[in-house]
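Got the viewer open? Let's take a walk through this one together, one selection at a time.

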Amino acid sequence: MNIVDILRERARGGQYRVVLPDGEDERAQAAASRLVELDLASVLLLGRREKMVSAFEAAGRNPRLEVLDPRESRSIEPFAEKFVELRATRGKQITLEQAAETMRDPLHYGAMLLRLGEVTCSVAGSISSTANVLKAGIAVLGTAAGVKTVSSFFIVVLKGSTPEEVKLFADCAVLPRPTEEQLADIAIAAADNLKALFGLEPRVAMLSFSTRGSADHEDVHRVKRSTTMVRERRPDLLVDGELQFDAAFLPSVAARKAPDSAVAGKANVYIFPDLDAGNIGYKITERIGGAQVIGPIVQGLAKPYYDLSRGCSVEDIVNTATIGCIVGGGGRG
């Protein structure tokens, strides 16, 4: 059973509800039908009625598939009132009319549904830009408790590995040069996502070109300080750093470089020091190493509000929604 099968098995029959704000896209419509067909979730597609005629017809034949034009929704007024309150708590004043116009946008409407608990997760980005998706998510949902950073992670399954050996890589897609505080946020969020998705105990490696002081450089000290922050904020997590990748990954190298580490040689969450390292690292792992890679998956928002590449496939949407269902359901799938 591959990792996609495992995730789908965890989500199947969980009574989840997914909103797809890019409902005008044929790929989103096909993914909605697939999610229902696989018994992974019921689905709400958002978009303009005139652009979704076939989707409206399909929804009429399937009670688990809904289609809604936010412009016609009776919820616009209460959603707008809630949005005005949210902006006020952040020191930003907007009129009710401005808020209503914002809520007619499917991205913001979907985010409000998620905030109010009417859906389990939201997946967009097949036709919306990443900037617009994240802007709506931050505006309506805000960041998770104790976290100020929106980042991403990849699920990585190496050739020949077992499901229990799944890895998470972060951040490989969002923050070019994270501060030490942001690195700590990324590590904590990724550790929690590994636990939620797979029920595994996180062992977090804070990566560097140095292991245990083998190099003296400000970039090394930044990773060390970040490691200390993670330990102070989350003493329940197993975390170590700074570690080179080989020391984090290979028990034989860990025995020489960090013999007293509870993480070295057996890490399952790898936190890269910057986007250069993370993006290059996951692509080498996938393209040369032949690993199965799923992502990027947005993390750090208060609820699972996920972004896609505009080149995504139907299966990408289904897989991302499946992950959102498990995370949004508290990992209880």
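Start by selecting Asp171, which sits in the loop between strand 6 (167-170) and helix 8. Keep in mind as you look around that this is a predicted model. Now show the backbone just before this residue: the peptide bond from Ala170 to Asp171 is cis, with omega near -20°.

**Next door: Ser152**

With Asp171 still highlighted, add Ser152. The two side chains are joined by a polar contact of 2.5 Å. Ser152 belongs to strand 5 (residues 151-157). Is Ser152 buried or exposed? Its relative accessible area is 1%, so Ser152 is buried. The side chain of Ser152 also has a polar atom 3.4 Å from the backbone nitrogen of Ala173.

Turn on the surroundings of Ser152 and you'll find, beyond its close sequence neighbours within four places, contacts that include Phe169, Cys172, Val174, Pro296 and Gln299.

Pick Pro296 from that group. Pro296 lies in strand 10, and here's another cis peptide bond, this time between Gly295 and Pro296, with omega about 5°.

**Hopping along the salt bridges**

There are 25 salt bridges in the structure. Let's visit a few.

Select Arg233 and Asp185, whose side chains meet in a salt bridge at 2.6 Å, N to O. Arg233 is in helix 9 (residues 218-233) and Asp185 is in helix 8 (residues 180-198), so this pair ties together parts that are 48 residues apart in sequence. What about their surroundings? Asp185 is buried, at 6% relative accessible area, while Arg233 is partly exposed at 35%.

Step along to Arg234 and select Asp192 with it: another salt bridge, 3.0 Å from N to O. Arg234 lies in the loop between helix 9 and strand 8 (238-243) and Asp192 is in helix 8, so this bridge links parts 42 residues apart in sequence. Asp192 is partly exposed, with a relative accessible area of 35%.

Now move to Arg212 and Asp260. Their side chains form a salt bridge of 2.8 Å, N to O. This one goes from loop to loop: Arg212 is between strand 7 (203-207) and helix 9, and Asp260 is between helix 11 (251-257) and strand 9 (269-271), so parts 48 residues apart in sequence are tied together. Asp260 is exposed at 60% relative accessibility, and Arg212 is partly exposed at 35%.

One more group to select before moving on: Arg8, Arg34, Glu37 and Glu315, which are joined into one network by salt bridges that share partners.

Stay with Arg212 for a moment and check its backbone. Which sign does its phi have? Phi is near 50°, a positive value in a residue other than glycine. Asp39 is worth a click too: this non-glycine residue has a positive phi of about 60°. You'll find Asp39 in the loop between helix 2 and strand 2, where it is partly exposed at 32% relative accessibility.

**Into helix 2 and across to the strands**

From Asp39, go back to Gln29 in helix 2 (residues 26-37). Gln29 counts as buried, at 13% relative accessibility. Follow its side chain to the backbone oxygen of Gly23, 2.9 Å away. Leaving out residues up to four places away in sequence, the residues Gln29 touches include Leu45, Lys51 and Met52.

Next, colour strand 2 (residues 42-46) and strand 3: they run parallel and are joined by 4 bridges. To see one of the pairings, select Leu44, whose bridge partner in strand 3 is Glu66.

Now show the side chains of strand 3 (residues 65-68). Where do they point? Leu65 and Val67 point to one face and are buried, whereas Glu66 and Leu68 point to the other and are not. In a regular strand, side chains alternate between the two faces of the sheet.

**Last stops: out to the surface**

Switch on the surface and select Ile280, Ile284 and Ile288, which make a nonpolar patch of about 330 Å². Ile288 sits in the loop between helix 12 (275-287) and strand 10 (292-299), and it is exposed, with a relative accessible area of 72%.

To finish, click Pro78 in helix 4 (residues 76-89). Pro78 is partly exposed, at 41% relative accessibility. Draw a distance line from Pro78 to Ile326, C-alpha to C-alpha: these residues are 248 apart in sequence and 28 Å apart in space.

Notes:
Residues numbered from 1 in each chain as written. Predicted model: local features only at pLDDT ≥ 70, side-chain atom pairs only at ≥ 80, totals over all residues. Heavy atoms only, no water. Salt bridge = Lys/Arg side-chain N within 4 Å of Asp/Glu carboxyl O. Helix = DSSP H or I, 4+ residues; strand = E, 2+ residues; numbered from the N terminus. Buried < 20%, exposed > 50% of the residue type's maximum accessible area, 1.4 Å probe, protein only. Polar contact = N/O pair within 3.5 Å; in protein donor to acceptor, adjacent residues only side chain to side chain. Contact = heavy atoms within 4.5 Å. Patch = residues over 30% accessible without salt bridge, like charges linked within 9 Å, V, L, I, M, F, W, Y side chains within 5 Å. Areas by Shrake-Rupley, 256 points an atom, 1.4 Å probe, with all protein chains shown as cover. Pairing = 2+ DSSP bridges.
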